[in-house]
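Reader: I should be grateful for a close look at the nonpolar core of this model and at the parts of the chain connected with it. Please explain any term that a first-year student may not know.

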Amino acid sequence: EITVQGGRPLYGTEFTIPTDRIVAGTYLFATVATGGCTLLEHAPVMQLDATIRVAEKMGAVCHICSEGLFIQAPERPKAVEIISTAPYPGFPTDLQSMALVTATLADGMTVIRENIFENRFRIVDELMKMGANIQMMNAGCARIDGVERLKGTTMTARELRGGAALLIAATAAKGKSTISGCKYIYRGYERIENDLRELGARIAGV
């Protein structure tokens with residue numbers, strides 16, 4: 001709740017627009033899903049507490065430093081017993097799809113509960129085409145039994161966050177993947193394909 005009392009004169013100032021916690025969280029889970037190390041410069045670590053905790057449960061080593069957030073991924077993600085979305089400062093629903101993709105590659109079983117929005121599991125069918133083992137318990141809960149490797153396939157992005165999650169799945173998969181519907185992804189990410197290329201992904205035609 002925000003209360004605004006008007007009537008005072010306004011004047012100029014300087015303001016630094018903060019970095020996006022969902023974009024940072026997307027790259028955090030991309031690192032955990034694919035392996036390796038990433039430095040997220042100027043990551044809003046104070047807003048990423050719940051996200052970092054989930055990544056650490058998955059085996060990532062997350063180090064907050066003056067430059068931002070340094071992530072060292074495990075050889076293979078670990079399963080997390082339950083991941084539940086919640087209003088801020090809880091685990092964000094906008095990162096649920098990214099956690100879902102990472103859980104498909106984890107060693108063991110993960111349960112994800114979506115408590116905020118409907119239709120957050122729209123990428124399940126696409127992930128199952130890649131070889132993921134996902135069982136929908138109900139409309140808001142999925143059980144994921146991790147597999148060692150996803151395989152490339154042709155997929156369609158139908159919404160913003162799910163589309164970004166499919167990009168993560170494609171970078172982690174063996175073989176070539178083609179994703180259509182990228183206009184949804186570009187609504188929330190600026191030059192995401194270039195960022196992933198700089199991290200070693202081979203992406204063309206976007």
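Author: A nonpolar core is a set of buried Ala, Val, Leu, Ile, Met, Phe, Trp, Tyr and Cys residues joined through side-chain atoms within 4.5 Å. In this structure, which is a predicted model, the largest such core has 63 residues, and those with the most contacts inside it are Leu100, Leu127 and Tyr189. Two or more residues are given to this core by each of several elements, among them helix 1, helix 3 (96-104), helix 4 (124-129), strand 7 (141-145) and helix 5 (160-172).

Tyr189 deserves a closer look. Apart from its neighbours within four places in sequence, Tyr189 is in contact with Ile22, Val23, Thr26, Met98, Leu160, Arg161 and Ala164. One of these partners, Val23, is found in helix 1, which covers residues 21-34. With neighbours within four places again left aside, Val23 touches Gly188 and Tyr189. By contrast, the C-alpha atoms of Val23 and Ser66 are separated by 19 Å, the two residues being 43 apart along the chain.

Strand 7, named above as a contributor to the core, also leads to a sheet. This open sheet has four strands in the order 4-5-7-6, with mixed pairing. Its edge strands, strand 4 (82-84) and strand 6 (133-138), each pair on one side only. On average, neighbouring strands here are turned by 20° against each other, direction ignored. Strands of a sheet pair through backbone hydrogen bonds, either parallel or antiparallel. Strand 6 and strand 7 run antiparallel and are joined by five bridges. Within strand 7, Arg143 is the bridge partner of Gln135.

Key: Residues numbered from 1 in each chain as written. Predicted model: local features only at pLDDT ≥ 70, side-chain atom pairs only at ≥ 80, totals over all residues. Heavy atoms only, no water. Contact = heavy atoms within 4.5 Å. Buried < 20%, exposed > 50% of the residue type's maximum accessible area, 1.4 Å probe, protein only. Pairing = 2+ DSSP bridges. Axes fitted to C-alpha atoms, helices over the stretch in contact; angles between N-to-C directions.
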